[in-house]
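Subject: Structure handover

Dear colleague,

I am passing on the structure we spoke about, and I would be glad if you could look through it alongside the notes below.

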Amino acid sequence: MEPIFFSSTFIIFGKILLAVVLGVLLGTERSVFANKRAGMRTYALVSLAACLFAVISVQVTSQYLGLVTFDPMRVAAGIITGIGFLGTGLIIFHDNKLQGLTTAAGLWVAAGIGLAVAYELYAVAIFTTIITVLIFSLLWNLEEWFGRIADTHRRVRLEREQQKGEPRV
């Protein structure tokens with residue numbers, strides 16, 4: 001065990017902080033702009049937890065290398081599975097609508113970002129965060145726009161059917 005003020009400990013602290021900041025960025029979009037319940041804290045905690053578990057696996061592997069057979073990717077696989085269960089709990093079917101899919105997928109990405117930070121793939125983690133925020137915001141606006149077009153199309157079609165006296169299907 002190394003002293004708390006050893007330089008590698010501060011690197012680990014930096015990894016965890018970066019994972020939290022990137023998780024907060026994802027959660028900000030979800031809570032502030034999309035008005036979802038899983039927001040900054042949830043995304044930050046998922047990203048932090050994934051990073052923490054991965055950092056622990058790397059540290060344990062390096063400490064026990066040659067003494068035991070240990071695969072740090074098993075920890076990553078466990079994180080992915082665990083987030084899958086967390087995401088499943090977020091998905092609900094209400095009034096013939098499926099809800100929570102985007103939030104669940106976002107939490108899965110947050111876990112991946114935490115893993116990327118832990119494995120020192122900083123550029124990948126930052127790039128993934130940017131892309132995810134763009135997907136959350138830009139594609140949400142695009143979906144809304146297409147939805148308005150589809151609603152207008154349905155309304156016009158119903159009006160034409162009513163004018164012709166055709167039964168509504």
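In which helix does Leu134 lie? Leu134 is found in helix H5, and, since this is a predicted model, please read that and what follows as computed from the prediction. With a relative accessible area of 37%, Leu134 is partly exposed, because that value falls between the 20% under which a residue counts as buried and the 50% over which a residue counts as exposed. Although Leu134 and Leu26 are 108 residues apart in sequence, their C-alpha atoms are 9.7 Å apart in space.

Helix H5 itself deserves some attention. H5 runs over residues 122–164 and has 43 residues, and the distance from its first C-alpha to its last is 62 Å, close to the 63 Å expected at 1.5 Å a residue. H5 nevertheless has a kink of about 25°, which is centred on Ile135. The buried residues of H5 include Ala125, Thr129, Thr132 and Phe136, and Glu161 is buried as well. Just after H5, Gly165 adopts a positive phi of about 80°.

Turning to the interior, the largest nonpolar core is made up of 25 residues, and Tyr43 and Cys51 are those with the most contacts inside it. Two or more residues of this core come from each of helices H1 (7–33), H2 (40–64), H3 (72–90), H4 (101–118) and H5 (122–164), with H4 giving the most, namely eight residues. Leaving aside residues up to four places away in sequence, Cys51 touches Lys15, Ile16 and Ala19, and also Gly114, Leu115, Val117 and Ala118.

The largest pocket holds about 600 Å³ of space. Its lining consists of 19 residues, among which Arg30, Lys36, Gly100, Thr102 and Thr103 lie nearest the centre of the pocket. Strand E2 (97–99), H4 and H5 are the elements that give two or more residues to this lining, and H5 supplies the largest share, six residues.

A last point concerns the loop between H2 and H3, where Asp71 lies. Is Asp71 buried, partly exposed or exposed? Asp71 has a relative accessibility of 36% and therefore counts as partly exposed, the range for that class lying between 20% and 50%. Asp71 and Val58 are 13 residues apart in sequence, and their C-alpha atoms are 9.2 Å apart in space.

With best wishes

Conventions
Residues numbered from 1 in each chain as written. Predicted model: local features only at pLDDT ≥ 70, side-chain atom pairs only at ≥ 80, totals over all residues. Heavy atoms only, no water. Core = buried A, V, L, I, M, F, W, Y, C linked by side-chain atoms within 4.5 Å. Buried < 20%, exposed > 50% of the residue type's maximum accessible area, 1.4 Å probe, protein only. Helix = DSSP H or I, 4+ residues; strand = E, 2+ residues; numbered from the N terminus. Contact = heavy atoms within 4.5 Å. Expected span 1.5 Å × (residues − 1). Bend = angle between axes of the 7 residues up to and from the residue. 1 Å grid on protein atoms, 1.4 Å probe; cavity = no way out; pocket = protein on both sides within 12 Å on 5 of 7 lines; lining within 4 Å. Points joined across faces, edges and corners; volume = space filled by probe spheres on them.
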